[in-house]
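Let's take a walk through this one together, going from a single side chain out to the packing around it. Have the viewer open and follow along.

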Amino acid sequence: MRAAAADKEDGVKELCTVVFLAMNSWLDIRRREISLLLTVVYAGCGIIYSILQGRKIQDVLIPAGIGILFLAAGLISRGAIGAGDCWILLALGASDETICADYAQTNVCRRAEIEAVMQEHADEIAADPSC
């Protein structure tokens with residue numbers, strides 16, 4: 001009986017995750033953005049669920065902190081680095097290795113876009129290289 005309840009609970013978690021990812025994927029494809037509200041709600045529910053399941057608080061906060069660092073890098077780069085990817089990984093509770101690998105791959109996959117933005121803002125960067 002207990003195993004059936006656990007399987008049902010896992011199914012609900014998986015369904016919520018699939019719906020969350022599908023909605024943000026659709027938004028990303030259509031508008032090249034994700035829903036920050038949906039991501040924050042999903043992440044909040046995940047954190048509450050993890051705490052209620054007895055997961056150690058550091059197991060929740062350490063991946064969140066790493067995700068926030070990558071988010072900051074995305075914001076500092078003015079969107080050249082996929083901040084949306086970092087939000088999604090953060091909300092999913094991805095490990096720091098997963099976030100690092102995705103962050104590095106973003107630079108490879110979006111090289112042309114990053115270079116175009118750098119070219120577009122070359123004068124600003126030359127005037128203030130610290131930005």
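Is Thr39 buried or exposed? Keep in mind that we're looking at a predicted model. Thr39 comes out at 1% relative accessibility, and since the cut-off for buried is under 20%, Thr39 counts as buried. You'll find Thr39 in helix α2, which runs over residues 36-52.

So what does the side chain of a buried threonine do here? One partner is the backbone oxygen of Ser35, which the side chain of Thr39 reaches at 2.8 Å. Another is Asn24: side chain to side chain, Thr39 and Asn24 make a polar contact at 3.4 Å.

Now move along α2 to Tyr42, and look for ring stacking. How many aromatic pairs does a search of the whole structure find? Just one. The partners are Phe20 and Tyr42, with ring centres 4.1 Å apart and planes at 5° to each other. The pair counts as stacked because the angle falls under the 30 degrees cut-off. Phe20 belongs to helix α1 (residues 2-31) and Tyr42 to helix α2, so this pair links distant parts of the chain, 22 residues apart. Phe20 itself is buried, at 2% relative accessibility.

Those two rings also lead us into the hydrophobic packing. Phe20 and Tyr42 join Ala43, Ile88 and Ala91 in the largest nonpolar core, which has five residues in all. Helices α2 (36-52) and α4 (83-92) are the elements that each give two or more residues to this core. Setting aside neighbours within four places in sequence, Tyr42 touches Cys16, Thr17, Phe20, Ala91 and Leu92.

That list includes a cysteine, Cys16, which brings up one last thing to check. Why is Cys16 not bonded to Cys45? The closest cysteine sulfur to that of Cys16 is the one in Cys45, and at 8.0 Å it is too far for a bond. A disulfide would need the two sulfurs within 2.5 Å, so the count for the structure comes to zero disulfides. Seen from the other end, Cys45 is in no disulfide either, with the sulfur of Cys16 as its nearest cysteine sulfur. As for solvent, both cysteines land in the middle class: Cys16 is partly exposed at 43% relative accessibility, and Cys45 is partly exposed at 49%.

Terms used
Residues are numbered from 1 along each chain as its sequence is written. This is a predicted model: local features need pLDDT of at least 70, side-chain atom pairs count only at pLDDT 80 or more; totals for chains, interfaces and linings use all residues. Side-chain values use heavy atoms; hydrogens and water are left out. A nonpolar core is a set of buried Ala, Val, Leu, Ile, Met, Phe, Trp, Tyr and Cys residues joined through side-chain atoms within 4.5 Å. Buried means under 20% relative accessible area, exposed over 50%, partly exposed in between (1.4 Å probe, protein chains only). Helices (H or I, at least four residues) and strands (E, at least two) are DSSP runs, numbered from the N terminus. Contact means heavy atoms within 4.5 Å. Rings of Phe, Tyr and Trp (its six-membered ring) pair if their centres lie within 6.5 Å; planes under 30 degrees apart count as stacked, over 60 as edge-to-face and the rest as tilted. A polar contact is a pair of N or O atoms within 3.5 Å; within protein, one must be able to donate a hydrogen and the other to accept it, and residues adjacent in sequence count only if both atoms are side-chain atoms.
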